[in-house]
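Q: Could you take me through one small part of this structure up close? I'd like to know how a short strand sits among its neighbours.

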Amino acid sequence: MVLTLFVATCVWPAIRADADLIELKTGHKLEGDVLKQQADILYVDIGIDVVKVPLGQIKTRSAAKDAGGAPTQVQKHQLYRTAQLPRRSIKDLTEKFGEGVVLVQTPGGLGSGFIVNENGYCVTNYHVIEKETRIATTIFHRGDDGAFHRRRIEDVRIVALNPFFDLALLQIPAQKDLAFKPVFLAAEEDLQEGEEVFAIGNPLGLERSVSQGIIGTKNRNFRGQVYIQTTAEINPGNSGGPLFNARGEVIGVTNMKLLFAEGLGFAIPSPYVKLFLDNHEAFAFDQNSPNTGFRYLDPPRRKLKGPPPEEKPL
């Protein structure tokens with residue numbers, strides 16, 4: 001604790017834009033990169049040393065600006081936004097971007113998705129809605145009481161489908177009393193093995209589940225397509241949900257896992273997602289195409305041969 005108070009009162013050179021500003025209950029402050037959170041201790045890299053800060057002594061924690069006061073860099077595209085955000089704790093990022101993750105439901109199953117703009121455009125996996133046209137989403141929005149509330153929205157529109165990349169673009173109908181909370185795609189593709197990541201989704205229908213891990217390999221090849229391999233737990237129902245980096249930027253779309261294996265999840269990298277969104281007109285949904293996914297159920301077969309029995313009045 002003595003070391004913490006000492007470094008908090010010193011003046012350091014310019015801090016990187018992804019650093020955190022931590023204010024202690026004693027009134028002292030320190031800036032640095034949060035390396036990890038373990039039990040009730042926060043490990044902060046202040047440049048010349050790593051300081052252990054007890055969580056119980058922290059009053060506030062926020063993103064620190066660099067010496068020039070540079071704000072978070074956000075770039076707006078046609079259907080989505082990219083950003084370079086400051087590094088935060090997974091707890092803070094989950095609270096901030098959790099409302100952008102939705103549950104995608106069809107008559108045949110369920111998956112996850114994430115909202116990419118204020119007009120309700122939502123990205124998910126193609127296999128989540130494959131051969132389905134009746135699609136609904138469940139949004140978890142924070143109410144005035146601070147708690148999350150569920151809202152099921154039906155009549156979700158299919159905008160574009162890309163079976164090769166296993167991506168789909170949906171549009172959730174606008175809600176008069178609810179504003180959509182989109183997430184950001186990563187602006188740069190600077191992934192590194194061992195980098196901390198986390199996923200938010202609905203595995204096995206368990207809503208708003210968060211799993212944490214690292215990048216095992218940033219370019220795993222499967223059938224001619226590159227995937228991000230991660231140790232973050234991916235299960236049925238996670239498909240279509242976002243894989244975030246430690247800054248809350250979406251770096252991939254969770255897609256699959258290997259059967260009978262643990263800690264081997266895979267995500268579609270964000271460059272594929274950007275390419276799909278930038279050229280979504282080329283993959284526009286056409287109900288007259290045989291690949292659009294209309295599902296017609298076969299009528300039940302008769303158990304007895306011959307004409308149907310005559311109906312008798314009751």
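A: Here's a close look at strand β10 and the strands it pairs with, followed by a look at β19. This is a predicted model, where local features need pLDDT of at least 70, side-chain atom pairs count only at pLDDT 80 or more, and totals for chains, interfaces and linings use all residues. Residues are numbered from 1 along each chain as its sequence is written, and side-chain values use heavy atoms, with hydrogens and water left out.

Strand β10 covers residues 121-124 (strands are DSSP E runs of at least two residues, numbered from the N terminus). In a regular strand, side chains alternate between the two faces of the sheet. In β10, Y121 and V123 sit on one side, with C122 and T124 on the other, and all four are buried (under 20% relative accessible area, with a 1.4 Å probe and protein chains only).

Now the neighbours. Strand β9 (residues 109-115) pairs with β10 in the antiparallel sense over 2 bridges; pairing takes at least two DSSP bridges between two strands. I115 stands opposite C122. The two strands make a hairpin with 5 residues between them, and G120 in that turn has a positive phi of about 85 degrees. Strand β14 (residues 167-171) also runs antiparallel to β10, joined by 4 bridges, and there T124 stands opposite A168.

Over in strand β19 (residues 242-245), P242 and F244 point one way, L243 and N245 the other, and all are buried. β19 pairs antiparallel with β16 (residues 196-201) over 3 bridges, with A199 opposite L243. β19 also pairs antiparallel with β20 (residues 249-257) over 3 bridges, where V253 is the bridge partner of P242.

How values were computed
Buried < 20%, exposed > 50% of the residue type's maximum accessible area, 1.4 Å probe, protein only.
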